[in-house]
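Let's take a walk through this model together, starting with a backbone detail and working outward to the whole fold. Keep the viewer open as you read.

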Amino acid sequence: MESPEAAVSFACTSCGAELTYQPGTTTLACQYCGAENEIPEIDESVEELDFLAYLTEAATKEEELVGHFVKCDSCGASCTLEPNITASDCPYCSTPLVMEHAHDETVIKPKSLLPFKLSQDQALAEFKEWVGKRWFAPNDLKKASLNFDHFKGVYIPYWTFDTDTYSSYTGQRGDHYYETQRYTTTENGKSVTKTRQVRKTRWRFVCGHVSKAFDDILIVASESLPKKCIEKLEPWDLDNLVPFEKSYLSGFISERYQIELGDGFERAKDIADAEIRRLVRRDIGGDEQRISRVNTRHDDITFKHLLLPVFVCAYRFKDQLYRFLVNGRTGEVQGERPWSWIKITGLVLGLLAVVGIVALIATRQTVLR
């Protein structure tokens, strides 16, 4: 069983200072003397683990590691920190962390990760551009957002699941047909009889089955970030996953998963079910479909625990917490934002004034005529 806390800090062989991972490269660099160390290439494939075997049997020591985590009392996130850090804020809610609450936990070892590709400066540039386009954001927010004391690179925990599904179903197929209907109406003061085509639906019972193999259903294992924001950072280039190597964590924070493995698969089943029901409707055919029952069997379930890179900025504006996220690979920005009701009110009043002026001009032109 590995203990990573002593390994995420790497000393420079030239001056002894701390080495940090350089995004977009495969090197650790010293910020003081400029020395670079190449991260060793791991000649192994990204391994999938058997889901049911892991739940029913004792996990092997190779599949676990002991991490030194600090849990935030506010949002509940547990994050690793560099060994030399004595004080810090939670990257998700900016609450000061109580370092005395740090503790060791045994967790499932990540099998792979996507290293940061963007540097912090590049991510900041993407974020500034995004904030600048928020037309109805308060001016104070735009000015304050230039202060990036809480802008941090975090490796977010994810699960991916593969599963082969076999689903049997019952339901109804609806086929449209048309009947000619006679009706009476009044035209030119006279009662007349006309016909029209009325659409109806003929329903019949159906049953059948569909099969679908799902690959890499992605489930975020953190509950400390806005779900709608973190999901909009997708897609991720999972084809570029590299085997887990602690060197990539140097200089960054990594979070412990909050959603356990079994709960993660339940969420994956919900995602799979939506696609399965789409396939069932297609299999039923017809013009309309009613699904009465779907029973799904999951076979050959495998999973991966992986880390994906996100820059997180937790910012408090007028006592309200806002989180901004930047995809550490693509630069995609998502976030929460306050609205300036002064700007919105000004726009509405401006539009009303324009409408009033146009109406006044039109009235005068009518009078002159």
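D300 lies in strand β14, which covers residues 288-317. This is a predicted model, and in it D300 has a phi near 50°, a positive value in a residue other than glycine. Is D300 buried or exposed? D300 counts as exposed, because its relative accessibility is 60% and the cut-off for that class is over 50%.

N188 also deserves a look. Its phi is near 55°, again positive in a residue other than glycine. N188 sits in the loop that links β10 (151-187) to β11 (190-220). With a relative accessibility of 81%, N188 counts as exposed. Here are the two residues side by side:

| Residue | Phi | Relative accessibility | Location |
|---|---|---|---|
| N188 | near 55° | 81% | loop between β10 and β11 |
| D300 | near 50° | 60% | strand β14 |

One further backbone feature is worth finding. The peptide bond joining E234 and P235 is cis, with omega at about 10°. P235 belongs to the loop between α4 (227-231) and β12 (242-243).

Now turn to the N-terminal part of the chain, where β3 has a strand on either hand. Strand β2 (residues 18-21) pairs with β3 in the antiparallel sense, over three bridges. Strand β4 (residues 36-38) also pairs with β3 in the antiparallel sense, over three bridges. Which residue of β3 is the bridge partner of Y21? That partner is L28, and L28 in turn has N37 as its bridge partner in β4. L28 therefore takes part in both pairings, each of which meets the requirement of at least two bridges between the strands.

The turns can be described in the same way. The hairpin of β2 and β3 has five residues between the strands, and G24 there takes a positive phi near 85°. The hairpin of β3 and β4 likewise has five residues between its strands, with G34 in the turn at a positive phi of about 85°. As for the strand in the middle, β3 (residues 27-30) is covered on both faces: T27 and A29 on one side are buried, and so are L28 and C30 on the other.

Next, the interior. The largest nonpolar core has 57 residues, and Y155, W159, F161 and F303 have the most contacts inside it. Helix α5 (residues 261-284) supplies the largest share of this core, eight residues. A second, separate core holds 30 residues, including V70, Y92, A314 and L325.

L325 also leads us to Q334, a residue of strand β16 (residues 333-335). Leaving aside neighbours within four places in sequence, Q334 is in contact with W130, C229, K232, L233, R323, F324 and L325. Why does Q334 count as buried? Its relative accessible area is 17%, and the class takes in values under 20%. The side chain of Q334 makes a polar contact of 2.8 Å with the side chain of E332.

Finally, step back to the whole protein. It contains six helices and 16 strands, and buried residues make up 42% of its 369 residues. Among contacts between residues at least 6 apart in sequence, 75% join residues at least 24 apart. The protein exposes about 20500 Å², of which carbon and sulfur atoms supply 49%.

Notes:
Residues are numbered from 1 along each chain as its sequence is written. This is a predicted model: local features need pLDDT of at least 70, side-chain atom pairs count only at pLDDT 80 or more; totals for chains, interfaces and linings use all residues. Side-chain values use heavy atoms; hydrogens and water are left out. Buried means under 20% relative accessible area, exposed over 50%, partly exposed in between (1.4 Å probe, protein chains only). Helices (H or I, at least four residues) and strands (E, at least two) are DSSP runs, numbered from the N terminus. A nonpolar core is a set of buried Ala, Val, Leu, Ile, Met, Phe, Trp, Tyr and Cys residues joined through side-chain atoms within 4.5 Å. A polar contact is a pair of N or O atoms within 3.5 Å; within protein, one must be able to donate a hydrogen and the other to accept it, and residues adjacent in sequence count only if both atoms are side-chain atoms. Contact means heavy atoms within 4.5 Å. Accessible areas come from the Shrake-Rupley method with a 1.4 Å probe; for residues, only the protein chains shown count as cover.
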